[in-house]
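Dear colleague,

Here is the structure I promised to hand over. My notes on it follow below.

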Amino acid sequence: MATVVPLRGLRYDEKKAGSIKELVTPPYDVIDAAAQEKYYQLNPYNIIRLEYGKRSPSDNDTDNRYTRAAEFFSRWQSEGILKQEDAPAVYFYQQQFNIDKQTLVRTGIICGVKLEPYENGVILPHEETMPKHKADRLALMQACGANFSPIFGLYSDPQRSIDQLLLDAVQDSPAAVSFTDEFGHGHRLWVITGDQLVRQVQQLMRQQRIFIADGHHRYETALNYARQNPGNPSAGYVMMTLVNLYDPGLVILPTHRLVVQSKVDKQKLLAALQEDFIIEKITATDVDKVTELMADLAGLQEKGDTAHRQVFGLYWGENVYYAITLKDDSIIARKMPAERSTAWRRLDVSVLQKLILESRLGIDDEALAGGEAVKYTRDAREAVQAVDEGRCRMAFLMNPTLIGEVTEIAANGEKMPQKSTFFFPKLITGLVVNKF
């Protein structure tokens, strides 16, 4: 099963580099051009220069975002901006955040995890990947020989024995790193180097499989890099943050779908959908009330229980919402792809994709993969605003994918449609760097 190892990670020396809150960023895949520029201006040693450097019109084979990242990485090590741990360590990491008027803490372990092909059944994906994103990450890895951001992995420990073991170890120790980021999320990191404790963690993790929550492109890139570099044993491991599926701070938020263009008439669409769905006009005009109603209609259960009805919200402008609820399970059996598992066919994102986007709006898998027909947002208010401002034709509001659904799909060896999950909050980039 899973093999984890301590890392001699590199961390910022704040005395030389500045405050850690000026040095870290969210994951590269949620950073747009404006945010990229903001992080460039925030601090000359911000991790953005390594993880997601700017492109230039004059880029060529010898001077580009990857070669510049390698130059910064090398120089920052020689100048002591980044310092390597004196001894191999695992890192105990907590993120504190507010959601739905609750304050939650999510706990993780940053460590090295042995790369395993998916077919070995030890590391399990749940989402599809895109070649161009992997090519970008591979070029960076080839230039720098490092992981600048951890992959987000999940494991199943109902007794929370690993969490408790590490919590006991750090409870009387101050965190090595502690700060609040630009989003108001608290971060605390402890460095654990005790051989006996690390061996206990390794022993407990050997019973585990790892489900990739976020970072599929980086994981597959690391696998590819390891195959290209068989003479480098360190390249056989990738940096991950491992979070227990039973952690009380583990949260998945929905990702809403924005249909950019469609010539389909609204009334004709609603009439056609009645073949498979119950359509209800919603009187509420506050999108938060709409999403609350959707959750109630779906009958979302406690964490781990995947039984619920497939419910979507449709917004087409003018403050009018519709709740779209699948009539019954027989429709799934008759109309969803027979080659897929029952778990996959029951996913909200699968039902929306097959029975509405593809069947009624003509947006098939190829069109989705193209990235232009449907856009995505995590913010329901943004989805509504995009329709009202004419940036898209209609918005489908989603309930969140459940954690039990993620693990069930991964355990089946299947992958969900893209943008099925949004684990909140994102892991931060720049706390620990893994050089190999």
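Contact here means heavy atoms within 4.5 Å. On that basis, and leaving aside neighbours within four places in sequence, V122 is in contact with M1, A2, E116, R209 and I210. Please keep in mind that this is a predicted model.

To stay with V122: this residue sits in the loop between β5 (102-114) and β6 (123-124). Its relative accessibility is 8%, and since buried means under 20%, V122 counts as buried. Q208 is 86 residues away from V122 along the chain, yet the two C-alpha atoms are separated by 7.8 Å.

E85 is the other loop residue I looked at. Its loop runs between β3 (82-84) and β4 (90-99). Is E85 buried or exposed? With a relative accessibility of 9%, E85 falls under the 20% limit and is therefore buried. Not counting residues up to four places away in sequence, E85 touches two arginines, R8 and R11, along with G9, Y91 and V191.

On the cysteines, the count of disulfides comes to zero, the criterion being a pair of cysteine sulfur atoms within 2.5 Å. C111 has a relative accessible area of 2% and is therefore buried. C392 is buried as well, at 6% relative accessibility.

Now the chain as a whole. The protein chain has 16 helices and 21 strands. What radius of gyration does the protein chain have, with its 436 residues? The value is 23 Å, and because a compact globule with 436 residues would have one near 22 Å, the two agree. Along the principal axes, the C-alpha atoms fill a box of roughly 65 × 55 × 40 Å.

Of the 436 residues, 55% count as buried. Contacts between residues at least 6 apart in sequence join residues at least 24 apart in 77% of cases. The exposed area of the protein chain is about 19,400 Å², of which carbon and sulfur atoms supply 46%.

Finally, the charges. There are 51 positive and 57 negative side chains in the protein chain. The centres of these two sets lie 2 Å apart.

Regards

Methods. Residues numbered from 1 in each chain as written. Predicted model: local features only at pLDDT ≥ 70, side-chain atom pairs only at ≥ 80, totals over all residues. Heavy atoms only, no water. Buried < 20%, exposed > 50% of the residue type's maximum accessible area, 1.4 Å probe, protein only. Helix = DSSP H or I, 4+ residues; strand = E, 2+ residues; numbered from the N terminus. Rg over C-alpha atoms; globule rule 2.2 N^0.38 Å. Areas by Shrake-Rupley, 256 points an atom, 1.4 Å probe, with all protein chains shown as cover. Lys, Arg positive; Asp, Glu negative; His and termini not counted. Charge placed at Lys NZ, Arg CZ, Asp CG, Glu CD.
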